[in-house]
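Me: I would like a close look at one part of this structure: how its pieces pack against each other and which pairs hold hands across them. Please keep the sentences short.

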Amino acid sequence: MIANSAATGGSSSGNSKARILGSGIAGISELALFHPVDTVAKRLMSTETRIVATSVSDTALNLNHAIFRESYNKTPFQKIGSLFPGIGFGAAYKILQRVYKFGGQPVVKDKLNSRYGEHFEAAFGRENGKTMIAAVSGSLIGIGEIFLLPLDALKVKAQTAPEQLMGRGVVDIFRKEGWSLYRGAGWTAARNAPGSFALFGGNAAAKSFMGVGDDGQRATWTQDALSSSAGAIASITVAQPLDVIKTRIQNRPFNSPESGLSILAKLIKNEGVGGFFKGLTPKLMVVGPKLIFSFTVAQHTIAYFTNKF
């Protein structure tokens, strides 16, 4: 049977505590450092007009409007302040998401390993089998992540269309909107499945390449950072086209929904295939480090606390 890739000790309850604590620290740290960056990426992805113009000045003007919205002509400090909408929804979503994703994937991986480890090893070989188990468990966790979609939807609306939430309380929103907060769940699952497969699979493949775990020792900070980088870049790139559609579904007004297929058709017609990758470069440059940071912190702190517990 394929051995667990992480060098861990302690009881099962200790492992659970370590996973919750480590992934929670990762979520809180990520939120504190990267929420404005996430707002910029979401606003770029929800902009349905062409940003790149015939001149540099027009392109800069379009970017200014797309990123800062109503604050485009305000002072630099006011512009920066405008990048912090939805921090309440963002905090709830990000911390719960990281605990679920980074803490839950090892649980699913252990279950798959105990039940199907020999089958994966027979089909893909020992090292590739470990990578595939990590990738498949990540994909399953990614699909299940849609239960957090209401918080994600409200965070996106606060970042891209705050007027839709103005004057409304959280309880009022959940009571009146109900299941509409799960709008785009299918597209979200379709995005998360390959994205999480690439994230955890790329991470496991990089660690396998570096020989991490072969001697029973946990990875160093550098090794965790390098493997997280490989997984994050693969995940963001693979998921980007469907992420654009998901974001546009979520930022539509509550009383004016639009189907994913309609958005897809309009995107191809008005923006071309390049529209699927709108925001990819800034996402790799600024959202990429966010995911790399939180994944690195989660992996290292989970391993650390597992040994402590």
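Reply: Start with a cut-off: an angle over 145 degrees between two axes counts as roughly antiparallel. Keep in mind that this is a predicted model. Two numbers describe a pair of packed helices: the angle between the axes and the distance between them.

Take α8 and α9 first. Helix α8 covers residues 185–210, and helix α9 covers residues 221–250. Their axes come within 7 Å. They cross at roughly 170°. That angle is over 145 degrees, so α8 and α9 are roughly antiparallel to each other. Which classes of residue make up their contact? There are 16 nonpolar, 10 polar and 5 charged residues in the contact of α8 with α9.

Now pick one residue from α8. Lys207 sits in this helix. Is Lys207 buried or exposed? Its relative accessibility is 17%, and the cut-off for buried is under 20%, so Lys207 counts as buried. What does Lys207 touch, once neighbours within four places in sequence are set aside? Its contacts are Val212, Ala219, Asp224, Ser227 and Gln299.

Stay with α9 and turn to another partner, α6. The axes of α6 and α9 come within 9 Å and cross at roughly 80°. That makes α6 roughly perpendicular to α9. Which residues meet here? On the α6 side they are Leu149, Asp152, Ala153, Val156 and Lys157. On the α9 side they are Lys246, Thr247 and Gln250. By class, the contact of α6 with α9 holds 3 nonpolar, 2 polar and 3 charged residues.

Helix α6, residues 149–160, has another role in the packing: α6 is among the parts that cover the buried residues of α7. So look at α7 next. Asp172, Ile173 and Glu177 are buried in α7. Seen down the helix axis, the buried residues of α7 fall within an arc of 100°, so they line one face of the helix. Val171 and Arg175, on the other side of α7, are exposed. What comes after α7? Gly178 follows α7, and its phi is positive, near 55°.

Two residues of α7 form a pair. Arg175 makes a salt bridge with Asp172, and their closest N and O atoms are 3.3 Å apart. Both belong to helix α7, residues 170–177. They are 3 residues apart, which means about one helical turn lies between them. The partners differ in burial: Arg175 is exposed, with a relative accessible area of 58%, whereas Asp172 counts as buried at 17%.

Some salt bridges link up. Glu30, Lys94, Arg98 and Lys290 are joined into one network by salt bridges that share partners. How many salt bridges are there by the rule used here? The count is 16.

One of them lies inside that network: Lys94 forms a salt bridge with Glu30, with closest N and O atoms 3.5 Å apart. Lys94 lies in helix α4, residues 87–124, and Glu30 in helix α1, residues 12–46. The two are 64 residues apart in sequence, so the pair ties together separate parts of the chain. Are these two partners buried or exposed? Lys94 has 10% relative accessibility and counts as buried. Glu30 has 1% and counts as buried.

Compare a pair within one helix. Lys130 forms a salt bridge with Glu127, and the closest N and O atoms are 3.7 Å apart. Both lie in helix α5, residues 126–144. They are 3 residues apart, about one turn of the helix. Lys130 is buried, with a relative accessible area of 15%. Glu127 is partly exposed, at 25%.

Finish in a loop. Where is Arg69? It lies in the loop between α2, residues 56–68, and α3, residues 76–81. Arg69 is not a glycine, yet it has a positive phi of about 50°. Its relative accessible area is 21%, and Arg69 is partly exposed.

Terms used:
Residues are numbered from 1 along each chain as its sequence is written. This is a predicted model: local features need pLDDT of at least 70, side-chain atom pairs count only at pLDDT 80 or more; totals for chains, interfaces and linings use all residues. Side-chain values use heavy atoms; hydrogens and water are left out. Axes are lines fitted to C-alpha atoms, for helices over the stretch in contact, and angles run from 0 to 180 degrees between N-to-C directions. Helices (H or I, at least four residues) and strands (E, at least two) are DSSP runs, numbered from the N terminus. Angles under 35 degrees count as roughly parallel, over 145 as roughly antiparallel, 65 to 115 as roughly perpendicular and the rest as oblique. Ala, Val, Leu, Ile, Met, Phe, Trp, Tyr, Cys and Pro count as nonpolar, Asp, Glu, Lys and Arg as charged, and the others, Gly among them, as polar. A salt bridge is a side-chain nitrogen of Lys or Arg within 4 Å of a carboxyl oxygen of Asp or Glu. Buried means under 20% relative accessible area, exposed over 50%, partly exposed in between (1.4 Å probe, protein chains only). The arc is that of the directions from the helix axis to the C-beta atoms. Contact means heavy atoms within 4.5 Å.
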